[in-house]
Amino acid sequence: MPKGISVGKTVEVTSNEDGFLGSYSEAKVLARVDRDKYEVEYTKLLDDRDANKFLREVVEAALVRPLPPEIRVSGFDVLDKVDAYDNEVWWVGRVTGMDGPNRYSVYFDSSGDEYTYPFHELRVHQEYDDGQWVTPEREGKVYSAL
């Protein structure tokens with residue numbers, strides 16, 4: 001199993017489905033199905049067939065990553081790459097401006113949409129690359145995980 005991913009662990013799963021492309025959903029690993037697949041149960045997404053149960057599915061291992069480490073920041077600047085929490089998933093976007101105190105406008109390349117979010121619904125975007133967490137580089141910005 002890849003580093004940080006094992007049965008019982010909470011992870012994030014990215015989606016290639018229309019409407020969810022590029023989003024990250026929290027899930028628990030239930031089983032390793034084979035070398036390249038996991039069975040997961042999402043922690044927030046409900047099953048369309050039974051709204052009393054969380055969605056379970058088998059996903060490609062390449063779509064699964066550990067939970068990103070928390071990075072505390074006091075605010076964001078224009079062009080910062082962030083994840084915005086919306087509709088029970090994290091979406092990758094870029095800050096385009098402020099819309100009042102502690103409210104940020106975020107543009108999403110995946111949809112071409114722009115929405116406003118309170119600070120607490122944003123996090124620093126991180127990529128998981130070859131077992132390491134990588135933050136986007138911006139001149140003069142240094143992020144460090146807790």
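Which residue in β5 does Val-13 stand opposite? The residue is Val-64. With that pairing as a point of entry, I shall present this structure, which is a predicted model.

Let me start with the annotation. According to an unreviewed UniProt entry, the annotation "domain: Agenet" covers residues 3–72 and 74–130. Over residues 3–72 the chain is 53% strand and 0% helix, and the C-alpha atoms at the two ends of that stretch are 24 Å apart. Over residues 74–130 the figures are 60% strand and 0% helix, with the end C-alpha atoms 29 Å apart.

I turn now to strand β1. Four of the five residues of β1 are buried, and the strand is mostly covered. β1 runs antiparallel to strand β2, residues 23–34, and five bridges join the two. Within that pairing, Thr-10 has Lys-28 in β2 as its bridge partner. β1 is also joined to β5, again in the antiparallel sense, by three bridges. The facing of Val-13 and Val-64, with which I opened, concerns β5.

One residue of β1 deserves a separate remark. Thr-14 lies in this strand, and it counts as buried because its relative accessibility is 17%, under the 20% cut-off. A polar atom of the Thr-14 side chain lies 3.0 Å from the backbone oxygen of Ser-23.

From β1 we may pass to its partner β5, where Arg-65 is placed. Is Arg-65 buried or exposed? Arg-65 is buried, with a relative accessible area of 5%. Its C-alpha atom is separated by 13 Å from that of Val-134, a residue 69 positions apart from it along the chain.

A further buried residue is found in strand β7, which spans residues 89–98: this is Val-89. The relative accessible area of Val-89 is 0%, and the residue is therefore classed as buried. Val-89 and Lys-44 are 45 residues apart along the chain, while their C-alpha atoms are separated by 8.2 Å.

Next, a hairpin. Strand β8, residues 103–108, and strand β9, residues 113–118, pair in the antiparallel sense over six bridges. Tyr-107 stands opposite Glu-114 in β9. Four residues lie between the two strands of this hairpin, and in the turn Gly-112 has a positive phi of about 80°.

Positive phi values also appear in residues other than glycine. Leu-79 has a phi near 80° and lies in the loop between β5, residues 64–66, and β6, residues 81–86. With a relative accessibility of 47%, Leu-79 counts as partly exposed. Asp-130 has a phi near 55° and lies in the loop between β11, residues 127–129, and β12, residues 132–134. Asp-130 counts as exposed because its relative accessibility is 76%, over the 50% cut-off.

The last topic is the pockets. Rolling a probe the size of a water molecule over the atoms shows where empty space is left. How much space lies in the largest pocket? The value is about 370 Å³. This pocket is lined by 19 residues, and those closest to its centre are Ser-15, Glu-17, Tyr-42, Leu-55 and Glu-57. Strands β1, β3 and β4, covering residues 10–14, 37–46 and 54–60 respectively, each supply at least two residues of the lining. β4 gives the most, with five residues. Sorted by class, the lining of the largest pocket has six charged, four polar and nine nonpolar residues.

The second largest pocket has a volume of about 250 Å³. Its lining is made up of 14 residues, and nearest its centre lie Glu-70, Ile-71, Leu-122, Arg-123 and Val-124. Which strand gives the most to this lining? It is β10, residues 122–124, with three residues. By class, the lining of the second largest pocket has three charged, two polar and nine nonpolar residues.

To close, I return to β1. This strand is joined to β2 by five bridges and to β5 by three, and β1 is among the strands that supply at least two residues to the lining of the largest pocket. Thank you for your attention.

Methods: Residues numbered from 1 in each chain as written. Predicted model: local features only at pLDDT ≥ 70, side-chain atom pairs only at ≥ 80, totals over all residues. Heavy atoms only, no water. 1 Å grid on protein atoms, 1.4 Å probe; cavity = no way out; pocket = protein on both sides within 12 Å on 5 of 7 lines; lining within 4 Å. Points joined across faces, edges and corners; volume = space filled by probe spheres on them. Nonpolar A, V, L, I, M, F, W, Y, C, P; charged D, E, K, R; others polar. UniProt positions renumbered as here; feature names shortened; annotations may be inferred. Pairing = 2+ DSSP bridges. Buried < 20%, exposed > 50% of the residue type's maximum accessible area, 1.4 Å probe, protein only. Polar contact = N/O pair within 3.5 Å; in protein donor to acceptor, adjacent residues only side chain to side chain.
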